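Dear colleague,

I am handing over the structure below, and after it you will find some notes on charged side chains that I hope will be of use when you look through the coordinates yourself.

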Amino acid sequence: ERGPGDHAELADDRDRLRIALAGLPEEQSRAVVLAGLLGYTAREVGEIEDIPLGTAKTRIRTALLRVRAALVSEEQP
């Protein structure tokens, strides 16, 4: 069972992720949300966005790298 501190930490993580996603170009943000949060495959992302599979993969990978970099740099003193 989660306590109040856990809920506060989850809310903080959610806010940090939202800010990191907001810093991405729109097409990268959509691709990483579709794949990373909603569970679509790269092929499905390509179909939804009407883009080639390679482009979908590149958008997802680039977005994940940028989100990770933003979150890591935020943790640095």
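Glutamate 26 is exposed, at a relative accessible area of 57%, in what is, please bear in mind, a predicted model. This residue forms a salt bridge with arginine 30, whose closest approach between N and O atoms is 2.9 Å, and arginine 30 is for its part partly exposed, with a relative accessible area of 34%. Both residues belong to helix H2, which covers residues 26-37, and because they are 4 residues apart there, about one helical turn separates glutamate 26 from arginine 30.

The pair just described is one of 5 salt bridges that the structure holds, and another part of the chain offers a linked set, in which Arg14, Asp15 and Arg18 are joined in a network of salt bridges. Within this network, the side chains of arginine 14 and aspartate 15 meet with an N to O distance of 3.5 Å, while the salt bridge between aspartate 15 and arginine 18 likewise has its closest N and O atoms 3.5 Å apart. Aspartate 15 and arginine 18 lie 3 residues apart in helix H1 (residues 4-22), so about one helical turn lies between them.

As for accessibility, arginine 14 has a relative value of 45% and therefore counts as partly exposed, and aspartate 15, with a relative accessible area of 33%, is partly exposed too.

With kind regards

How values were computed
Residues numbered from 1 in each chain as written. Predicted model: local features only at pLDDT ≥ 70, side-chain atom pairs only at ≥ 80, totals over all residues. Heavy atoms only, no water. Salt bridge = Lys/Arg side-chain N within 4 Å of Asp/Glu carboxyl O. Buried < 20%, exposed > 50% of the residue type's maximum accessible area, 1.4 Å probe, protein only. Helix = DSSP H or I, 4+ residues; strand = E, 2+ residues; numbered from the N terminus.
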